[in-house]
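Q: Please take a close look at one strand and its setting. Start with how it is covered, then work outward to what surrounds it.

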Amino acid sequence: MMESGVPVCNTCGEQVGLNADGQLFVSCRHCNHPVCHHCFDYEIKQGRSSCVHCGIPYNDDEAAVAEVEAASGNHMPLAVSNLNPAQDAGIHARNFSTVSTVDSEYNGDSGNPIWKNRVESWKDKKNKKKKPAAKDKKEAAEIPPEQQMEEKSQSGEAAKPLSRVVPLPKSQLAPYRTVIIMRLIILILFFHYRVTHPVDSAFGLWLTSVICEIWFAFSWVLDQFPKWSPINRETYIDRLSARYEREGEPSELAAVDFFVSTVDPLKEPPLITANTVLSILAVDYPVDKVSCYVSDDGAAMLSFESLVETADFARKWVPFCKKFSIEPRAPEFYFSQKIDYLKDKVQPSFVKERRAMKRDYEEYKVRVNALVAKAQKTPDEGWTMEDGTPWPGNNSRDHPGMIQVFLGNTGARDIEGNEIPRLVYVSREKRPGYQHHKKAGAENALVRVSAVLTNAPFILNLDCDHYVNNSKAIREAMCFLMDPQVGPDVCYVQFPQRFDGIDKSDRYANRNTVFFDVNMKGLDGIQGPVYVGTGCVFNRQALYGYGPSSIPTLPKTSSSCSWCGSCCCCCRGKKPAKEKDLSELYRDAKREDLNAAIFNLREIDSYDEHERSLLISQMSFEKTFGLSTVFIESTMMENGGVAESANPSTLIKEAIHVISCGYEEKTAWGKEIGWIYGSVTEDILTGFKMHCRGWRSIYCMPLRPAFKGSAPINLSDRLHQVLRWALGSIEIFLSRHCPLWYGFGGGRLKWLQRMAYINTIVYPFTSLPLIAYCLLPAICLLTGKFIIPTLSNLASVLFLGLFLSIIATSVLELRWSGVSIEAIWRNEQFWVIGGVSAHLFAVFQGFLKMLAGVDTNFTVTTKAGEDADFDELYVIKWTTVLIPPTTILVVNLVGVVAGFSDALNNGYEAWGPLFGKVFFAFWVILHLYPFLKGLMGRQNRTPTIVVLWSVLLASVFSLVWVKIDPFVSKNDASIVAQSCIAIDC
């Protein structure tokens, strides 16, 4: 196939060869389609004047044509191409990262591909399809001019942009950037002072503090500079309707497949999942464009039965929501609102129907609660269904795949006889000995099932506890995804997460306001926000591993460099430019090979099932997408929809096949397509891969929050949530997808975007210097030493400037983001709390898991309170994660007491140095104050084991430190000894 890295001709299978200048021969510089000199010569002689791959005329590449004409003596005029580049631009622009070239086994005896002749027939069929289009144009010309003018005015209104970027005013952005630069300069001067003024009497303390401060500065740079260009966005839903929902015509809005995933119904209450499903079925969107897939990864009969009840209740709930336009459309949260529900309601029947609907919902809740009570104890013989057959999922780790379609165009309708969105229950097959990859594997199974059954071009995934709070949220996302100017390059639209049931003070920063309202807006001004696991609308083609339509092409000159754009400065000592270009062209040829396959399969519906299976297998799609011709065919349909040739009776059987546990073996699932495996935070990894391919994402923040969910509000659960996130970051750091080195070859990930991703994987390591820095105040108080020498005037100015720049940065962020001071302070506090607890454990657990294969789990034992309001806030659970921050608190309190005792004994002169040390200690205690409140609980009840371990560690540490006193110099020690001898004690 190939020797010395030279690509082979896609027509004859021979090497492409070199041109007259001794460089690799390229027939079409627009798509770099590999065709050798002889085959290109033959194409020109036959009068084919356009590239068979991209359809662009060869006369755009005059050098190659002139070379062939000079060699052959043929001076035929170039003919017009049969292909329409404008029509096929979307096809040819899609790229795939890891698809090999067509193997030689698919070539005929003469060396030409078997399907080569069929391309010509496909071209003829396209020409035949264009003839009716020409007739339509003639008919359009006969329309009266008045009607044409009216249609033009309507189309002009509808053709306006569906969204726009709202940059920050210069009065806000310019001072913000100025302060960032000033803070960076002050940091440099500060570190110059710190390094050049060591503390000889406490050199170890000084060195430790400087190392910690350098790491903190590095972390600040990674976090701050991706916020350099924050933006806001506006959407125009009315223009979307004007363009795609014309009166009297079927809606042209794109279809959306909703994914809801759940595992254990005893930990994730079925009522919560049901409310999420009901809010999806009632969204303000055409019912035939909405399908809801519920993944039950625990194969629990409780989840199935509760979904049966939910489907029945939805027949009443959905028409009620749409009739009265209520918000939110999750019944539990709608009926629990403490607002005037009669506001803006004018229908006389509303009160009566609302009262009846509330009664129906309460009856529905009783039925679901009865199912939950019944499921508390599993029968010895396992669960049985209504017909007496055993439930297939009695063994949650060994069961077949299950699919049940409840609602939809062929299923039950609502009580008014109208169509209702499709609802599908999915439980993928599980068998011992297979890797199932938890949530990421379940999401990938839903991708394949939905592609077979509905194949909507867009996918929205939600956690089971995140309901649709804004029924127009999908339309908000479509303003980006369906905008011809914006949509082709967008891989997903991410919505911010908002939460219910959090205390007003947000003690543990559960709302993550700073991240969602500051950091994500900053990323939206670069290449887009990171994917956060829920509330995200995906372009299905991006999940399949394709690149965007505007993917950058390879440099045409041989002197280009992927790092700096030229080789005059940074490529010395590297491979010769010629070899580098050959290898890049070969990689590009491999990537473009899938484009050729997609182009050739556009007319696949014209062939029978045998030919279709043959062609798909010839393209080696099975190596990427798996052994399902129905699914592979669905990936060809950029605008979604089930193929007309599909047999409805076999779709369920095919859907069962694509969720079998062995389907993903030896494919690219989880490696290059779908949700990416390898980390418990599969969301960050999946979004990172898309951005590396050149996609951009969009951050959409409608005035009414799109989705709302629940968050763990007690201390232990919150820390374990943070522990899981940090562990995922460590796993990515130790994998091949680490942003420090992955994705440089294509040059499609912007540097500030890469910096943001680096920050998401290195932040857990901050726990090590943070713990050391939080212990320094206590050490200084116990030893009488300090990390800073006597301050000069210059040093005082630097410290004051650094302090003021930190405050100014926060104030200016408040100004443009709208975040409150309390939210920033809570975020700062929990950064310390999480850093000295969960992040520390994540670092050690991540290294043990990735390097030694040891998977450490922390057990949690509940000791709940009995308070009615925010009961969960005061729940105390024993966990080892609580020990480090408790120890730091105790040690600093001991240090403060020891410091004041020492000052009282030594007189007036000791009080001056004491204030600096005590201020430092109180800084630590103040940051850990929410942790202290959570640890004590409302009734001051703390797990005894936590207190014992913390006091023991703090006491041992303090006593040993005072005994050893390692930071006292030898000279000081000798002076102390002489004074003791003189006293003669």
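A: Both faces of strand 3 are covered in this predicted model. On one side sit Val256, Phe258, Val260 and Thr262, all of them buried. On the other side are Asp257, Phe259 and Ser261, and these are buried as well. The strand spans residues 256-262, and seven of its seven residues are buried. Buried here means under 20% relative accessible area.

Next, the neighbours of strand 3. Strand 4, residues 290-296, runs parallel to strand 3, and seven bridges join the two. Strand 7, residues 458-463, also runs parallel to strand 3, here through six bridges. Phe258 has a bridge partner in each neighbour. In strand 4 that partner is Cys292. In strand 7 the partner is Leu460.

Now the whole sheet. Strand 3 belongs to an open sheet of eight strands. The order is 5-6-4-3-7-11-9-12, and the pairing is mixed. Which strands stand at the edges? They are strand 5 (402-407) and strand 12 (696-699). Each has a single partner strand, so one side of each is left without a neighbour in the sheet. From one strand to the next, the twist averages 20°. Helix 14, residues 473-481, packs on this sheet. The helix touches strand 3, strand 7, strand 9 (490-494), strand 11 (536-539) and strand 12. The direction of helix 14 makes about 150° with that of strand 9.

There is another sheet to set beside it. Three strands form an open sheet in the order 8-13-10, again with mixed pairing. Its edge strands are strand 8 (467-468) and strand 10 (498-500), and each pairs on one side only. Strand 10 runs parallel to strand 13, residues 707-710, with three bridges between them. Within that pairing, Asp500 stands opposite Ser710 of strand 13.

Further out, look at two helix pairs. Helix 23 (residues 715-733) packs against helix 28 (residues 838-851). The angle is about 45°, and the axes lie 8 Å apart. Angles under 35 degrees count as roughly parallel, and 65 to 115 as roughly perpendicular. Helix 23 and helix 28 are therefore oblique to each other. Their crossing is right-handed. Helix 23 brings Leu719, Val722, Leu723, Ala726, Leu727, Ile730 and Glu731 to the contact. Helix 28 meets them with residues including Phe841, Val843, Phe847, Lys849 and Met850. By type, the residues of this contact divide into 12 nonpolar, three polar and two charged.

The other pair is helix 25 (residues 767-783) with helix 29 (residues 883-906). Their axes come within 7 Å and cross at roughly 25°. Helix 25 and helix 29 are therefore roughly parallel to each other. This crossing is left-handed. From helix 25 come Ile771, Cys774, Leu775, Pro777, Ala778, Leu781 and Leu782. They meet Ile888, Val891, Asn892, Gly895, Val896, Ala898 and Gly899 in helix 29. The contact residues divide into 11 nonpolar, three polar and no charged.

Back to the starting point. Strand 3 is mostly covered. It is joined by bridges to strand 4 and to strand 7, and helix 14 touches it too.

Conventions
Residues numbered from 1 in each chain as written. Predicted model: local features only at pLDDT ≥ 70, side-chain atom pairs only at ≥ 80, totals over all residues. Heavy atoms only, no water. Pairing = 2+ DSSP bridges. Helix = DSSP H or I, 4+ residues; strand = E, 2+ residues; numbered from the N terminus. Axes fitted to C-alpha atoms, helices over the stretch in contact; angles between N-to-C directions. Parallel < 35°, antiparallel > 145°, perpendicular 65-115°, else oblique. Left-handed = near helix turned anticlockwise from the far one by under 90°. Contact = heavy atoms within 4.5 Å. Nonpolar A, V, L, I, M, F, W, Y, C, P; charged D, E, K, R; others polar. Buried < 20%, exposed > 50% of the residue type's maximum accessible area, 1.4 Å probe, protein only.
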